[in-house]
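Thanks for making the time this morning. I would like to walk you through one model, beginning at a turn and working outward from there.

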Amino acid sequence: MAKKKLGLEDLGGFVFSTNDDFEGNEHEETEETLAPADQQLEAHFSSKGRGGKTVTIIKGFEGTNDDLVILGKKLKKKCGVGGSAKDGEIIIQGDDREKIMELLRIDGYNVKRVGG
């Protein structure tokens with residue numbers, strides 16, 4: 001059975017107007033990725049909601065989603081583990097905070113350890 005479409009988000013975010021002067025998405029901003037030295041990243045450790053499995057979460061990345069995904073792939077490859085990069089966070093499987101923090105520092109990022 002197909003899911004009912006209840007809101008505008010379910011319809012793809014289209015906006016329809018009968019105004020001839022309507023430009024649409026006038027306030028759309030292009031997000032630029034800050035230089036690594038200008039980034040303030042945080043390395044968190046978590047196991048909540050993951051069936052007891054541990055992950056390292058990198059928060060605070062300011063930039064485009066494409067650059068976030070590229071950085072996430074690089075970290076996953078260097079650590080030899082899986083993970084994901086979405087919603088402004090990089091999630092790396094396992095507790096590899098120290099290794100990840102060192103890799104980020106080598107690339108010029110400012111990163112600090114948060115939590116236990």
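Let me start with the hairpin that S3 and S4 form, which has 2 residues between the strands, and where Asp87 in the turn takes a positive phi of about 55°. Before going further, please keep in mind that this is a predicted model, and that what I say is computed from it.

Staying with that hairpin, strand S3, residues 83-86, pairs with S4 in the antiparallel sense over 4 bridges, and within this pairing Lys86 stands opposite Glu89 of S4. On to the next pairing of S4: S2 and S4 also run antiparallel and are joined by 4 bridges, with Ile57 having Ile91 in S4 as its bridge partner.

If we now step back to the whole sheet, 5 strands make an open sheet in the order S3-S4-S2-S1-S5, and the pairing is mixed. S3 and S5 are the edge strands, each of them pairing on one side only, and from one strand to the next the twist averages 20°. As for the helices, H1 packs on the sheet and touches S3 and S4, its direction making about 20° with that of S4, while H2 packs on the sheet by touching S1, S2, S4 and S5, with a direction that makes about 165° with that of S5. In sequence order, the protein reads β-β-α-β-β-α-β, which is to say 2 helices and 5 strands.

Let me dwell on H2 for a moment. Which residues of helix H2, residues 97-106, are buried? They are Arg97, Ile100, Met101, Leu103 and Leu104, and, viewed down the axis of H2, the buried residues fall within an arc of 160°, so they line one face of the helix. The cover over these buried residues of H2 includes strands S1 (40-46), S2 (55-59), S4 (89-93) and S5 (110-113), together with helix H1 (65-79). Just after H2, Gly108 takes a positive phi of about 95°.

Turning to charged side chains, the structure holds 4 salt bridges, and I will describe some of them. One of them brings together the side chains of Lys59 and Glu89, at 3.9 Å from N to O, and this pair links distant parts of the chain, since Lys59 lies in strand S2 and Glu89 in strand S4, 30 residues apart. Lys59 counts as partly exposed at 29% relative accessibility, and Glu89 is likewise partly exposed, with a relative accessible area of 25%.

Another salt bridge joins the side chains of Asp95 and Arg97, at 3.5 Å from N to O. Are these two partners buried or exposed? Asp95 is partly exposed, with a relative accessible area of 41%, whereas Arg97, at 2% relative accessibility, counts as buried because the cut-off for that word is under 20%.

A further salt bridge, at 2.1 Å from N to O, is made by the side chains of Glu98 and Arg113, and it too links distant parts of the chain, with Glu98 in helix H2 and Arg113 in strand S5, 15 residues apart. Glu98 is partly exposed with a relative accessible area of 47%, as is Arg113 with 39%.

To finish with the protein as a whole, buried residues make up 24% of its 116 residues, and about 8600 Å² is exposed, of which carbon and sulfur atoms supply 49%. Among contacts between residues at least 6 apart in sequence, 50% join residues at least 24 apart.

Conventions
Residues numbered from 1 in each chain as written. Predicted model: local features only at pLDDT ≥ 70, side-chain atom pairs only at ≥ 80, totals over all residues. Heavy atoms only, no water. Buried < 20%, exposed > 50% of the residue type's maximum accessible area, 1.4 Å probe, protein only. Contact = heavy atoms within 4.5 Å. Areas by Shrake-Rupley, 256 points an atom, 1.4 Å probe, with all protein chains shown as cover. Arc of directions from axis to C-beta. Pairing = 2+ DSSP bridges. Axes fitted to C-alpha atoms, helices over the stretch in contact; angles between N-to-C directions.
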